[in-house]
Amino acid sequence: MSNDPILLGKALTSFEALWSPRIVTRVNDYDVRIAKVEGEHIWHVHDDTDEFFLVLDGELHISLREPSGERTVLLPQGAVFTVPRGTEHRPYAPSGASILMFEPSGTSTVGDRHDDVPDHVDATIGHALDS
């Protein structure tokens, strides 16, 4: 990783793939990832970690299956939300969005348990900028 400032706008222009997060930096044992998203992701669960979302551009919806029932949170540009560990969730962006996520290094984009992974979802993690 670089010790220079990272321009998120520049990092976002370095790739086109949807639902394929890129690591822009690390903080201790956490990856700071950015992604372009549009349409639906898959229902999935992270058993051992929360998942933090910041909407950089556009609007993100996150459906949640909680003990009290299913609900959807709407995140406009500039909003943050944390999905608690063990909560089944499905992000989607009907009109597209750019997001930043903060997760322990090595966390799979499709969680520990998930629906079938469609071809447009890349479960690996790439780097947006060369070190």
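Asp 50 is partly exposed in this predicted model, with a relative accessible area of 31%. The side chain of Asp 50 meets that of Arg 85 in a salt bridge, with 3.6 Å from N to O. Because Asp 50 lies in the loop between strand E3 (44–45) and E4, while Arg 85 lies in the loop between E7 and E8, the pair ties together parts that are 35 residues apart in sequence. Arg 85, like its partner, counts as partly exposed, at 48% relative accessibility.

**Salt bridges across the chain**

Side chains of opposite charge can pair when their charged atoms come close. The structure holds 9 salt bridges, and three of them are set out here.

| Salt bridge | N to O distance |
|---|---|
| Asp 50 and Arg 85 | 3.6 Å |
| Glu 88 and Arg 65 | 3.0 Å |
| Glu 16 and Lys 36 | 3.7 Å |

Glu 88 forms its salt bridge with Arg 65. This pair links distant parts of the chain, since Glu 88 belongs to strand E8 and Arg 65 to strand E5 (residues 60–66), 23 residues apart. Glu 88 is partly exposed, with a relative accessible area of 24%, and Arg 65 is also partly exposed, at 36%. Elsewhere, salt bridges that share partners join Arg 26, Asp 31, Arg 33 and Glu 103 into one network.

The salt bridge of Glu 16 with Lys 36 has its closest N and O atoms 3.7 Å apart. Here too distant parts of the chain are linked, with Glu 16 in the loop between helix H1 (8–13) and strand E1 (22–27), and Lys 36 in strand E2 (residues 30–40), 20 residues apart. Is each partner buried or exposed? Glu 16 counts as exposed, because its relative accessibility is 62% and the cut-off for exposed is over 50%. Lys 36, by contrast, counts as buried, because its relative accessible area of 15% falls under 20%.

**Two buried charged residues**

What surrounds the side chain of Lys 36? Beyond residues up to four places away in sequence, Lys 36 touches Leu 12, Thr 13, Phe 15, Glu 16, Ala 17, Leu 18, Trp 19, Ala 97 and Ser 98. Two backbone oxygens approach polar atoms of the Lys 36 side chain: that of Leu 12 lies 2.8 Å away, and that of Phe 15 lies 2.6 Å away.

Glu 103, a member of strand E8 (residues 88–104), is likewise buried, with a relative accessible area of 1%. The side chain of Glu 103 makes a polar contact of 2.7 Å with the side chain of Arg 33, and both residues belong to the salt-bridge network described above. If neighbours within four places in sequence are left aside, Glu 103 is in contact with Tyr 30, Asp 31, Arg 33, His 46 and Glu 51.

**Strands and their faces**

Glu 51, one of the contacts of Glu 103, has Val 83 as its bridge partner in E7. The strands concerned, E4 (residues 51–58) and E7, pair in the antiparallel sense over 4 bridges. In a regular strand the side chains alternate between the two faces of the sheet. Strand E7 (residues 80–83) has a covered face made by Phe 81 and Val 83, and an uncovered face made by Val 80 and Thr 82.

**Nonpolar cores**

Phe 81 also appears in the largest nonpolar core, which has 17 residues, and Val 37, Phe 53, Leu 60, Ile 62, Leu 75, Phe 81 and Ile 99 are the ones that touch the most other members. The strands E2, E4, E5, E6 (69–75), E7 and E8 each supply at least two residues of this core, and E8 gives the most, with 4 residues. Val 37 is in contact with Leu 18, Trp 19, Leu 60, Ala 93, Gly 96, Ala 97 and Ile 99, leaving aside its neighbours within four places in sequence. A second, separate core of 7 residues includes Ala 11, Phe 15, Val 24 and Ile 34.

**The chain as a whole**

The chain has 1 helix and 10 strands, and the helix comes at the start of the order of elements, counted from the N terminus. Buried residues make up 43% of the 131 residues. Among contacts between residues at least 6 apart in sequence, 68% join residues at least 24 apart. The chain exposes about 6900 Å², of which carbon and sulfur atoms supply 48%.

Methods: Residues are numbered from 1 along each chain as its sequence is written. This is a predicted model: local features need pLDDT of at least 70, side-chain atom pairs count only at pLDDT 80 or more; totals for chains, interfaces and linings use all residues. Side-chain values use heavy atoms; hydrogens and water are left out. Buried means under 20% relative accessible area, exposed over 50%, partly exposed in between (1.4 Å probe, protein chains only). A polar contact is a pair of N or O atoms within 3.5 Å; within protein, one must be able to donate a hydrogen and the other to accept it, and residues adjacent in sequence count only if both atoms are side-chain atoms. Contact means heavy atoms within 4.5 Å. Two strands pair if DSSP finds at least two bridges between them. A salt bridge is a side-chain nitrogen of Lys or Arg within 4 Å of a carboxyl oxygen of Asp or Glu. Accessible areas come from the Shrake-Rupley method with a 1.4 Å probe; for residues, only the protein chains shown count as cover. A nonpolar core is a set of buried Ala, Val, Leu, Ile, Met, Phe, Trp, Tyr and Cys residues joined through side-chain atoms within 4.5 Å.
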